[in-house]
Amino acid sequence: MLDIKQYKFWLCPCTQDLYGDEVLEHVHQHALEVAEALNASDSIPFEVVVKPNLLTSDVIQETFNAANMDPECAGIITWAHTFSPSKSYILGLQDLRKPLCQFATQYNEEIPYDTIDMDFMNENQAAHGERELGHIFARMRWNHKVVFGFWKDAEAQKELGDWMRVAVGVNESRNIRVCRFADTMRNVAVTDGDKVEAHVKFGWTVDAWPVNDLVPYVDAVTDAEAKALADEYYDTYELVLDGRDPEEFRRHVEVQAAQEIGIERFLEEHNYNAFSDHFGDLGGLKQLPSLAIQRLMQKGYGFGPEGDWKTPAMVRLMKVMTAGMKDAKGSALMEDYTYNLVKGKEGILESHMSEVDPSVADGRIAIRATPLSMGDREDPARLIFTGKTGPAIATSLVDLGNRFRLIIQDVDCKPVEKPMPMLPTGTVFWEPRPNLKVGTAAWIYAGGAHHTAFSYDLTADQMVDWAEAMGIEPVVIDANTNLRDFQRDLKLGEVYYR
Ligand code: MN
């Protein structure tokens, strides 16, 4: 489900023909050396390939248009090795539709004090060239990323690698296809929005299907298939019967197994990678899909409940942006439920009715089948767990009528103080930065939803870069947030993002 393309990034050295062929050959050789070092780095998640020196306006247009047409090219990395007059970039940048990072690096780490002469200065003038190059992006209001630092430096490599994941998110956003079983919950504002504008801005396809078009796919799952998958569940998870008869419990679990298989077949057949449902509109389904959806989210599908179509798309985006990441801790749908207001122990209990993604689970995962206390179906079997601890981000994409805003919050996930034996859902407990009081007020002022797309593995900076690339408004709530400045920034956004 998370097999994405073998994306490549094009390293394009920026130069000109003023310094002779020898210098141009050095520039090319140095680019090969930089690419080799980047490709050997654990921080660089995608292959870097060297492209011909960007010498003239013609070469630049040719290279950038080739990048547009190559589905495996996720972005361009420029490096102004020498001076490179930036009017040469104007026509190419007018055509370029792939993300671009200006890697403001330099071949040599140190000034060679004893030998430096004018030949060296001509060949190695990144400080000079990067400014000329940067100017044209500013002049053209072309949204690009700047990563500054020595190419062997771990921090610079990490920043470049983080941007690569953003660039893949920009490319893959166009492949996000959300299937909506049922419409948005009646009268709920924040989960709704302009689906046409989402298609224009993000490239997302958002389609509606009657839930009863899904039901035959679930009904067509054979008993043997459902039993085999339920066996896998029983081997994988602990069971908490809550006094239920084991055979009756097993029947609830098999309903979810058939739903997992049936929903996945429907999504595969219709080419969707994200979906939403609604507990109040389940048609012929026997239970609210719970364990079924939890497993599908873990496989890489985006999901949102109550007809929310923006959160499933964002969850899918995060899963794609973090695909293949070593030691990933997980990206998931979350929902703000209940505060703990006790001084020194403040935080928000995150959960959902039942559909919480076990990819964020820490340790033991158990199956329970308990009443939902909403809707009119059988008690759904679901997975129960506690989330991992550590820093993470919560994001909410909202439609403000004239624009989308992406609210991005730094949070710290903490252990819950005590077990919650009566609560039959997966949970995460976090404290927003800078603290519960300011972080929550800022989130509310910004119009953030109760549903969030949450990730331990992406940073606020990455989500800001993604939002900027999409041309929407990012707002960040972090350790430096104070409400007076934050509210002013929201007002400034009203002016800028018309
Ligand atoms: Mn909800």
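The following conversation takes up the manganese site and several salt bridges of a predicted model.

Visitor: What makes E306, E335, H352 and H451 count as donors of the manganese ion?

Guide: The ion is coordinated by OE atoms of E306 and E335 and by NE2 atoms of H352 and H451, at 2.0 to 2.5 Å; donors are N, O and S atoms within 2.8 Å of the metal, so these four residues qualify. In sequence the donor residues follow the spacing E-x28-E-x16-H-x98-H.

Visitor: Why is E335 called buried?

Guide: Its relative accessibility is 7%, and buried means under 20%, so E335 falls in that class. H451, with a relative accessible area of 1%, is buried because that value too is under 20%.

Visitor: What makes the approach of E335 to H451 a polar contact?

Guide: The side chains of E335 and H451 come to 2.7 Å, and a polar contact requires a pair of N or O atoms within 3.5 Å, so the distance satisfies the cut-off. E335 belongs to strand β11 and H451 to strand β18, 116 residues apart, and these strands pair in the antiparallel sense over five bridges.

Visitor: How do you know that β11 and strand β12 pair?

Guide: There are five bridges between β11 and β12, in the antiparallel sense, and pairing asks for at least two, so the criterion is met. One of the bridge partners is I348 in β12, opposite Y339.

Visitor: Why is E335 said to have no salt bridge, and how far away is R382?

Guide: R382, the nearest side chain of opposite charge, is 12 Å away from E335, whereas a salt bridge needs the nitrogen of Lys or Arg within 4 Å of a carboxyl oxygen, so the condition fails.

Visitor: What makes E197 and K201 a salt bridge?

Guide: Their closest N and O atoms are 3.9 Å apart, and the cut-off is 4 Å, so the pair is counted. Both residues lie in helix α7, four residues apart, about one turn of the helix. E197 at 30% and K201 at 33% relative accessibility are called partly exposed, because that class runs between 20% and 50%.

Visitor: Which parts of the chain does the salt bridge of E431 and K414 tie together, and how is each residue classed?

Guide: The side chains meet at 2.5 Å, N to O, and since E431 lies in strand β17 and K414 in strand β16, the pair ties together parts that are 17 residues apart in sequence. E431, at 17%, is under the 20% limit and therefore buried, whereas K414, at 32%, counts as partly exposed.

Terms used. Residues numbered from 1 in each chain as written. Predicted model: local features only at pLDDT ≥ 70, side-chain atom pairs only at ≥ 80, totals over all residues. Heavy atoms only, no water. Donors = N, O, S within 2.8 Å, 3.2 Å for Na, K, Ca; no water. Buried < 20%, exposed > 50% of the residue type's maximum accessible area, 1.4 Å probe, protein only. Lys, Arg positive; Asp, Glu negative; His and termini not counted. Polar contact = N/O pair within 3.5 Å; in protein donor to acceptor, adjacent residues only side chain to side chain.
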